[in-house]
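Hi,

Here is the structure I promised to pass on. Please open it and read the notes below alongside it.

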Amino acid sequence: MLRSHVIDIVASAVQALTQSGELPRLNVPIEITDAKSAEHGDYACNFALMASKPAGLNPRAIGEKLAAELSKHPDFEKVEVAGPGFLNLTLTTSLVASYVSKVIELGDDLAKTKTAHPKKLNVEFVSVNPNGPITVGSARGAAFGDALCRVFAATGHHVDSEYYINDGVNSEQMRLFAESVKHYYLQAQGRESEMPEKGYRGDYVEAVAEDVTRIHGKDKADEPTSWFQQVSQDLMLAQQRKDLATFGVEFNQWFSEQSMHESGLVTRTLQKLRDLGTADEKPFQNIIQDRELQPGEHPQERGPTWLRSSRFGDDKDRVLVRTNGRPAYIAGDLAYMESKLGERAYDKAFIILGPDHHGYIGRMKAVCQALGYPLERFEIIIFQIVRFMKEGKPAPMRKRDGNIYALRDLIEELGANVAPNSSKEEQIRMGVDVTRFFYLMRSHDTHMDFDIDLATKQSDENPVFYVQYAHARICSVLKKAAEAGFVVNLEGKIQNPKLEDPCEMSLIKKIVDLPYETARCAEDYGVHRLTTFAVELARTYHHFYDACRVIQPEEPELSQARVQLCEATRIGLKATLDLLGVSAPERMDRASTE
RNA sequence: GCCCCGGUAGCUCAGUGGAUAGAGCAACUGCCUUCUAAGCAGUAGGCCACGCGUUCGAGUCGCGUCCGGGGUGCCA
């Protein structure tokens, strides 16, 4: 919007200078940065410094020429050369003010941009085993992945969010989980039963057993482990799905691992690898043993099937099919990759994983290449660990010790403390808002401490409320303004909005930056910058609110212009919060402070 | 050993190769008969871990060192 407008002006000025022979033909990108302080104007341009060397000219001299050229343009109030050759650009207030109606016209589309090359993207995240609730650890990936999908969609890509269900019937962990559920099921009936070694303990496992009893009755004691595996897996998956939906994360693809084994995709993919020569069963380089296991032949007599992943930068070759004939987990990975990049033809597949999976990167890159796909079509994004601090100490959150820290617990805990007098529904909403915002405040690349005591006990210290309050405040002002006869004018009839206060200018410039922020996020996946942006936009509005009274019956034109600006700000805040998956309440009542 | 991430204010963290490095929390001082004080204004707090390099210019890029966290299965 505004930024690209300025870049265009500078670019044509450079072109004019080139044509008149004052500058040699150069291939220097035009960049515009925010001015560091108000006395430096609105934007700064470093073209003269960048161009100095290739042009063989003093940067200051280039700056002077460019400044002279730019001064001719009516949109600039002032153009100055500063320091070694920076151009400080001050725009006319009328140009800046004209963007208010543009924002109102765009409405909810403000955050959207059109990418030059729209792609069909697949973003896989969370994808935890269906043997427990969504934990506070994997929830960071849920918040990040979901926000990233929203950003991709806003930048014009087609994006599918996908959950990979680890429901392979051969899973050791799932078998163990099923046996644990069965143990609790039997125990509840007073029957003899022993918890398997390394079994899953904890209230939630017992709860699953209770659900099995409630839904399927008490007469399933003789059912095999596989039956328990199926029903307990379905129960856990349903709960995960519900928890994620509460968290505002809805996947449009739920992809079953087992389905690939049943459809033959795994077999087909293994054959493709053998055909490509990237998988084989040679225990030693010179011996070929590519044959089926014969009846009566012991598995040990032949080796496992190997993926020659070390050819593609992995640190070692990987076993694809174990010596006992069962496919290893990576066989599923390969088939899954084939499904995404082959059968379903996504241009690019993203996998968002926790820090414990970073060892996957090399392996999965090898998988991608072993299947004959270029690395550009696949990307793993690792988010770093979250530590939950309670009373100054890390809160336990590991599985299998019966002390799982579930996402649902965190949401409820935060909500109940932040809004003790609100309805349960309202508490959940606020808990979700706080949780999502907190996760997204930090770069996915950084370790973060989530201070639960701070997030719960002292709600007014929470940045999410600062942002939401700005939105609620605007809604309140707009309501009051309407009562005074100032209604947001959608036709843009205000030709020349009387806005010129520095606070108004800063606010408008901030609002129109949203599409740039979104586009940047889609480039480098730094969705956390949107929380920073939200806080900055809210702050800029609060400054404006403090400095400029909106409703002034004796100044109808100014009041109308400021009402328009309030609406534009509201649109910006709402659009930003939408990308973060955080709600934008129209009113917030002050929390009781006794 | 090897791999990944980090080191910026007392704490948690932002920071597009650009000018005087920011926010929140914690501490201190003011501002509600006026559109929501969950707000605003102000004070204080920094060898951006260290060294070398690239550059007109480095918190930002490269190499090295130190410190912290995590990972490294014929588990899934």
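The notes below cover one helix, the RNA surface and one residue.

This is a predicted model: local features need pLDDT of at least 70, side-chain atom pairs count only at pLDDT 80 or more, and totals for chains, interfaces and linings use all residues. Residues are numbered from 1 along each chain as its sequence is written, while chains are lettered from A and ligands numbered from 1 in the order in which they are written.

Start with helix α2, residues 47–55 (helices are DSSP runs of H or I, at least four residues; strands are runs of E, at least two; both are numbered from the N terminus). F47, A48 and A51 are buried there. Buried means 20 or more other C-beta atoms within 10 Å of a residue's own, exposed means 12 or fewer, and partly exposed is in between; C-beta atoms are placed from the backbone. Seen down the axis of α2, the buried residues fall within an arc of 80° (taken from the directions from the helix axis to the C-beta atoms), so they line one face. Just after α2, G56 has a positive phi of about 65°.

Now RNA strand B. There are 73 residues around it (near means a C-beta atom within 6 Å). A44, S171, S443, Y469 and S476 come nearest. Helix α17 gives the largest share of this surface, 9 residues.

Last, V535, in helix α20. V535 counts as partly exposed because it has 18 C-beta neighbours inside 10 Å. Leaving out residues up to four places away in sequence, V535 touches P463, Y466 and V467 (contact means C-beta atoms within 7 Å).

Best wishes

Note on methods: Contact = placed C-beta atoms within 7 Å.
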